[in-house]
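Welcome, and please load the model in your viewer with a cartoon view switched on. We will go from the whole chain down to single side chains, one selection at a time.

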Amino acid sequence: MAGSNSGGVAGAHLLRHSLATQLVGQRRPINEVADLLGHRSINTTALYVKVAASQLAEVALPFPGGAA
């Protein structure tokens with residue numbers, strides 16, 4: 001197909017990012033995601049993973065003295 005990327009670096013990055021995003025959505029531990037992606041450092045995995053605001057809100061503590 002003209003203009004499509006059927007592989008290569010961009011395709012591999014998209015596949016790895018998609019896998020990491022799905023695993024985080026399933027609440028898999030970050031070290032498990034790092035192992036599956038072959039990363040030695042959690043910092044490398046963090047480049048692929050974005051924290052969902054809804055997940056963050058579930059674990060956030062109320063602000064002291066503020067409305068809950």
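Here is a short walk through the chain, stop by stop.

**The whole chain.** Keep in mind that this is a predicted model. Start with everything selected and colour by secondary structure: you will find four helices and zero strands, running α-α-α-α from the N terminus on. Now switch to a surface. The chain exposes about 5,500 Å², and carbon and sulfur atoms supply 62% of that area. Of the 68 residues, 16% are buried. If you like contact maps, take the contacts between residues at least 6 apart in sequence: 38% of them join residues at least 24 apart.

**The loop before H2.** Next, select Arg27, which sits in the loop between helix H1 (8-25) and helix H2 (30-37). Check the backbone here: phi of Arg27 is near 60°, a positive value in a residue other than glycine.

**A charged pair.** Now show Arg28 and Glu32 as sticks. Side chains of opposite charge can pair when their charged atoms come close. In this model, the side chains of Glu32 and Arg28 meet in a salt bridge, at 2.5 Å from N to O. The count of salt bridges comes to one, so there is no need to hunt for another. How far are the two partners exposed? Glu32 is partly exposed, with a relative accessible area of 25%, and Arg28 is partly exposed too, at 36%.

**The two sides of H2.** Stay on H2 and select Val33, Ala34 and Leu37, the buried residues of this helix. They cover an arc of only 100° around the axis, which puts them on the same side of H2. An α-helix has 3.6 residues a turn, so residues three or four places apart point the same way. Rotate to the other side of H2, where Asp35 and Leu36 are exposed. Just after H2, pick Gly38, whose phi is positive at about 80°.

**Into H3.** For the last stop, select Thr45, found in helix H3 (residues 42-46). Is Thr45 buried or exposed? Thr45 is buried, because its relative accessible area of 0% falls under the 20% cut-off. To see what surrounds this residue, display its contacts, leaving aside neighbours within four places in sequence: Ile30, Val33, Ala34, Leu37 and His39. Val33, Ala34 and Leu37 are familiar from the previous stop as the buried residues of H2, and here they turn up in contact with Thr45.

Technical notes: Residues are numbered from 1 along each chain as its sequence is written. This is a predicted model: local features need pLDDT of at least 70, side-chain atom pairs count only at pLDDT 80 or more; totals for chains, interfaces and linings use all residues. Side-chain values use heavy atoms; hydrogens and water are left out. Buried means under 20% relative accessible area, exposed over 50%, partly exposed in between (1.4 Å probe, protein chains only). Contact means heavy atoms within 4.5 Å. Accessible areas come from the Shrake-Rupley method with a 1.4 Å probe; for residues, only the protein chains shown count as cover. The arc is that of the directions from the helix axis to the C-beta atoms. A salt bridge is a side-chain nitrogen of Lys or Arg within 4 Å of a carboxyl oxygen of Asp or Glu.
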